[in-house]
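Student: I have a protein model open and I'd like to work through it with you. Can we start with the cysteines?

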Amino acid sequence: MIYDVIIIGSGPAGVTAAIYAQRAELKSIVIEKTGFSGGQIINTYEVDNYPGTPGISGFDLSAKFREHCERLNTNFVTGEVVKLDIDNDIKVITLDDGSQYRTKTVIIATGGVPRHLDVPGEDKFSGLGVSYCATCDGAFFKNKTVAVVGGGDVAVEDAIFLSRICEKVYVIHRRDEFRANKSSVNKLLSIDNVVVLWDSVVDSIKGTETVESLDIKNVKSEEVSNIEVSGVFIAVGYVPSSDPYKDVVATDERGYIIASENCETNVPGIFAAGDIRTKDLRQIITAASDGANAITAVERYLTNN
Ligand code: NAP
């Protein structure tokens with residue numbers, strides 16, 4: 001069997017591609033690591049910025065995505081892709097159990113994962129005060145004190161965003177200088193309710209049911225202090241899940257697959273959609289948009305080849 005399109009990943013980009021593929025009557029399957037759809041949103045406490053479903057939990061939105069796919073008879077295969085080969089014009093996908101799938105086109109929609117600090121309390125309080133997305137979760141900390149960890153553009157922009165919602169924002173950065181662009185840094189440093197803790201790292205995240213405080217270590221003096229916060233936003237970079245594809249398609253220096261707005265990579269017939277793709281804004285809505293664009297590009301490719 002040779003498929004028209006195989007979609008790898010069942011986050012918002014993958015499920016949208018699956019829906020569009022079924023509606024376009026393409027021979028398709030979705031390969032996913034677990035038997036759940038939704039990708040990163042499964043772990044999101046509440047999604048309040050996706051039209052039509054205000055306040056829905058990430059888990060419930062994921063379930064809705066799944067239901068939608070199942071209503072259209074999408075075929076899901078569970079497994080981890082270990083290899084993508086090109087055999088003439090046919091692409092061959094090998095899974096960890098050795099099974100192989102042949103297809104005319106591939107949409108890589110494997111997303112990525114936020115880099116973790118790997119400190120005590122981080123996993124325990126994930127979704128209970130520990131967040132990796134200020135845009136998604138900031139509103140839950142209205143008039144509270146929070147911390148942002150990191151010194152890049154995301155951390156600085158998150159802190160500026162949070163300063164408008166929260167009573168006080170600590171920014172915890174491991175060096176004495178930000179990596180972020182100067183104009184954002186200047187803006188951040190001019191905000192009254194922002195306190196920057198330079199040369200500092202989080203030693204542990206503490207609380208009972210939710211986050212209550214952080215132990216902070218000054219890396220120069222080795223002194224440990226405790227600050228009270230209701231939430232901590234970790235913005236120390238992102239790790240794209242592109243390892244099996246790096247030898248096949250072009251990636252940038254951080255491992256994101258280089259692809260255009262219509263999701264075309266440098267290899268004809270291979271598309272990248274959602275957070276795995278080089279882009280400015282990584283949100284559910286932009287991932288879903290990619291899924292739709294990718295299938296349109298797949299249809300164009302199938303017509304011309
Ligand atoms: P980033 O630029 O890689 O910055 C990550 C930050 O986290 C750095 O300050 C780094 O410290 C710190 N860090 C990394 N690992 C850490 C750890 N284990 N513990 C404590 N701190 C740690 O990542 P990003 O901010 O997510 O941005 C990703 C990319 O998107 C960047 O290229 C950025 O320029 C771009 N971006 C641009 C814009 C914009 O132009 N408006 C907006 C958002 C993102 P060090 O500085 O010491 O390495």
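Student: Is Cys166 buried or exposed, and what is its relative accessibility?
Tutor: Let's set the ground rules: this is a predicted model, in which local features need pLDDT of at least 70 and side-chain atom pairs count only at pLDDT 80 or more, while totals for chains, interfaces and linings use all residues. Residues are numbered from 1 along each chain as its sequence is written, and side-chain values use heavy atoms, with hydrogens and water left out. Buried means under 20% relative accessible area, exposed over 50%, and partly exposed in between (1.4 Å probe, protein chains only). Cys166 therefore counts as buried, with a relative accessibility of 5%.

Student: Why is Cys166 not bonded to the closest cysteine sulfur, and how far away is that sulfur?
Tutor: A disulfide is a covalent bond between the sulfur atoms of two cysteines. The cut-off used here is a pair of cysteine sulfur atoms within 2.5 Å. The closest sulfur to that of Cys166 belongs to Cys133, and it's too far for a bond, at 13 Å.

Student: What about Cys263, which cysteine has the sulfur nearest to it?
Tutor: Cys263 is buried, at a relative accessible area of 0%. It takes part in no disulfide, and the nearest cysteine sulfur, 17 Å away, is that of Cys69.

Student: Then which residue does a disulfide join to Cys133?
Tutor: The count by this rule is one disulfide. Its S to S distance is 2.0 Å, and the partner of Cys133 is Cys136.

Student: Is that disulfide of Cys133 and Cys136 right-handed or left-handed?
Tutor: Look at the torsion about the S-S bond of Cys133 and Cys136, which is about 75°. Because of that torsion, the disulfide is right-handed.

Student: Moving inside, which element gives the largest share of the largest nonpolar core?
Tutor: A nonpolar core is a set of buried Ala, Val, Leu, Ile, Met, Phe, Trp, Tyr and Cys residues joined through side-chain atoms within 4.5 Å. The largest has 30 residues, and Val5, Ile7, Leu61 and Ile107 touch the most other members. Strand 1 (2-8), helix 1 (12-23), helix 2 (58-71) and helix 6 (284-304) each give it two or more residues; helices (H or I, at least four residues) and strands (E, at least two) are DSSP runs, numbered from the N terminus. The largest share, eight residues, comes from helix 6.

Student: How many residues are in the second, separate core?
Tutor: This core includes Ile8, Ile29, Ile108 and Ala259. Its size is 22 residues.

Student: Now the sheets. What is the order of the open sheet of five strands?
Tutor: Two strands pair if DSSP finds at least two bridges between them. In this sheet the pairing is parallel, and the edge strands, strand 8 (130-131) and strand 11 (194-197), each pair on one side only. The order is 8-15-9-10-11.

Student: Which residue stands opposite Ile172 in strand 11?
Tutor: Strand 10 (residues 168-172) and strand 11 run parallel to each other, paired over four bridges. Opposite Ile172 you'll find Leu197.

Student: And why is one side of strand 12 and of strand 14 left without a neighbour in the sheet?
Tutor: These strands belong to an open sheet of three strands, in the order 12-13-14, with antiparallel pairing. Strand 12 (200-207) and strand 14 (224-228) stand at the edges, so each has a single partner strand.

Student: How many of the residues of strand 5 are buried?
Tutor: Check both faces of strand 5: Ile90, Val92 and Thr94 are buried on one side, and Lys91, Ile93 and Leu95 on the other. Strand 5 (residues 90-95) is therefore largely enclosed by the rest of the structure, with the buried count at six of the six.

Student: Which residue in the turn between strand 5 and strand 6 has a positive phi?
Tutor: Strand 5 and strand 6 (residues 100-108) run antiparallel, joined by four bridges. They form a hairpin with four residues between them, and the one in the turn with a positive phi, about 90°, is Gly98.
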